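This report goes through selected computed features of one protein chain. Please keep the sequence and the coordinates at hand while reading.

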Amino acid sequence: MRFEDISYNFNVAKVLSILMVATGHYFGGALWISATFGLVIFGFSSGFFTAQKYHGSYNIKKFWHAKIVRLWCPILIIDIFLVLLFVAQQRPGIWSWQTLPSLLGMNGLLTWFNLANPSPFGAGLWFFTLLVLFYLFYPLLSRLNQRHSIATAFLLISLVLSTIFNYTILMGHMLWMTAFAFIAGAYWGNYSRPIPPWICLIITFISFCLLLSFNTILDYKPLNYGLILITSLSMIGYLLNKRLPNFGFQHTALLSGCVIQIYFIHTYLFVKLPAVSPVINYVISMLIIITVAFGLSKLTEKLNPLSVGEKPALKTIETAP
């Protein structure tokens, strides 16, 4: 499939994914499963498109510089908005030392090392921390991916270790599966192979039905990790091999430029008015989140020097969470 079609698919998928993540955070409960689908798609696409753009010989210093500017320019604008929001809300802990790593999107380090965070910043930012670590270690990963045999061995070892860690080093979120998704995306960006879309649909349907059955009827959770990973990767397989129809999706793709903004701000803008139904509260929340995120995105485009003249699909895919 053409690169343009794959870019279109993932632009649509990442918008839907961030909306699933926000919805999962809003309602909680079993919706964490759909949010995990989105996180795997985020991780895989970041690895895939980075490998598509940076493979073989490239300047590592320029690579890191480009990532620093592209990632932290929008974050700086988001941080200014959040500071104003928290000051207006008179939130405590704004000026604690934990605010600094949270401002930089590195709150995941506080989470993983069980460090208390009195700061209002940093809610749910572990994925962004993982994204930064992926870019930090990508030059090493790209070297491993230069030889097919070594890359395949590393991929399989990563799958085994991530599965073991999921059951032995509990994090309260799908850290290990998401980390593996980055590695799998980088691998597939170098050694992609066509897969019949109908096979991906069948696998997605079967694995999702099993996942639904085990979590509702049977109430059996130990297989969640494997079934979520299989479902997510089969959905990704479809995105890589069959273009989504324009009808119903082209307007969704318009929000692809503000995915990172939605990710950073959504938990702070939830509306839960006691006199209003949860559904209406959710709709109001999403409208506010999307509107604010869209405005912050447009401001970023004017201030970020790397946004000028760059292909929107590649830009949003590489920087979104």
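The sections below cover helix crossings, salt bridges, a nonpolar surface patch, two backbone torsions and one residue pair.

## Basis

The model is predicted. Residue numbers count from 1 along the chain as its sequence is written.

## Helix crossings

Two packed helices are described by the angle between their axes and the distance between the axes. Helix 2, residues 32-53, and helix 6 have axes that come within 12 Å and cross at roughly 20°. Helix 2 is therefore roughly parallel to helix 6, because angles under 35 degrees count as roughly parallel. The handedness of this crossing between helix 2 and helix 6 is right-handed.

A second crossing involves helix 1 and helix 12, the latter spanning residues 278-303. The axes of helix 1 and helix 12 come within 11 Å, and the crossing angle is roughly 135°. That angle makes helix 1 oblique to helix 12; the roughly antiparallel class would need an angle over 145 degrees. Helix 1 also passes helix 12 in a right-handed crossing.

## Salt bridges

Side chains of opposite charge can pair when their charged atoms come close. How many salt bridges does a search of the whole structure find? The search finds 4, among them the bridges of Asp5 with Arg2 and with Arg243, and the bridge between Lys221 and Asp219.

Asp5 takes part in two of the pairs described here. With Arg2, the N to O distance is 3.1 Å; with Arg243, the N to O distance is 2.9 Å. The Asp5 and Arg243 pair links distant parts of the chain, 238 residues apart. Asp5 belongs to helix 1, residues 3-27, whereas Arg243 sits in the loop between helix 10 (224-241) and helix 11 (259-265). Arg2, Asp5 and Arg243 are thus linked in a network of salt bridges.

Which members of this network are buried, and which are exposed? Asp5 has a relative accessible area of 8% and is classed as buried because this value is under 20%. Arg2, at 52%, is exposed, since the cut-off for that class is over 50%. Arg243 has 30% relative accessibility and counts as partly exposed. The carboxylate partner in the network is therefore buried, while its arginine partners are exposed in the case of Arg2 and partly exposed in the case of Arg243.

Lys221 and Asp219 form another salt bridge, with the closest N and O atoms 3.5 Å apart. Lys221 is partly exposed at a relative accessible area of 39%, and Asp219 counts as exposed at 52%.

## Nonpolar surface patch

Ile60, Trp64, Leu136, Phe137 and Leu140 make a nonpolar surface patch of about 470 Å². Helix 3 (60-89) and helix 6 (126-144) each supply at least two of its residues. Which helix gives the most to the nonpolar patch? That is helix 6, with 3 residues.

Trp64 is located in helix 3. Its relative accessible area is 33%, so Trp64 is partly exposed. Trp64 can still belong to the patch because membership requires over 30% relative accessible area, a value that Trp64 exceeds.

## Positive phi angles

Most residues other than glycine have a negative phi. Gln90 has a positive value, with phi near 55°. Gln90 lies in the loop between helix 3 and helix 4 (99-103), and at 71% relative accessibility Gln90 counts as exposed.

Asn114 also has a positive phi, near 55°. Where is Asn114 placed? Asn114 is in the loop between helix 5 (107-112) and helix 6. With 72% relative accessibility, Asn114 counts as exposed.

## Met235 and Thr178

Met235 is part of helix 10. The relative accessible area of Met235 is 25%, so this residue is partly exposed. Met235 and Thr178 are 57 residues apart along the chain, and their C-alpha atoms are separated by 15 Å.

Terms used:
Predicted model: local features only at pLDDT ≥ 70, side-chain atom pairs only at ≥ 80, totals over all residues. Heavy atoms only, no water. Patch = residues over 30% accessible without salt bridge, like charges linked within 9 Å, V, L, I, M, F, W, Y side chains within 5 Å. Areas by Shrake-Rupley, 256 points an atom, 1.4 Å probe, with all protein chains shown as cover. Salt bridge = Lys/Arg side-chain N within 4 Å of Asp/Glu carboxyl O. Helix = DSSP H or I, 4+ residues; strand = E, 2+ residues; numbered from the N terminus. Buried < 20%, exposed > 50% of the residue type's maximum accessible area, 1.4 Å probe, protein only. Axes fitted to C-alpha atoms, helices over the stretch in contact; angles between N-to-C directions. Parallel < 35°, antiparallel > 145°, perpendicular 65-115°, else oblique. Left-handed = near helix turned anticlockwise from the far one by under 90°.
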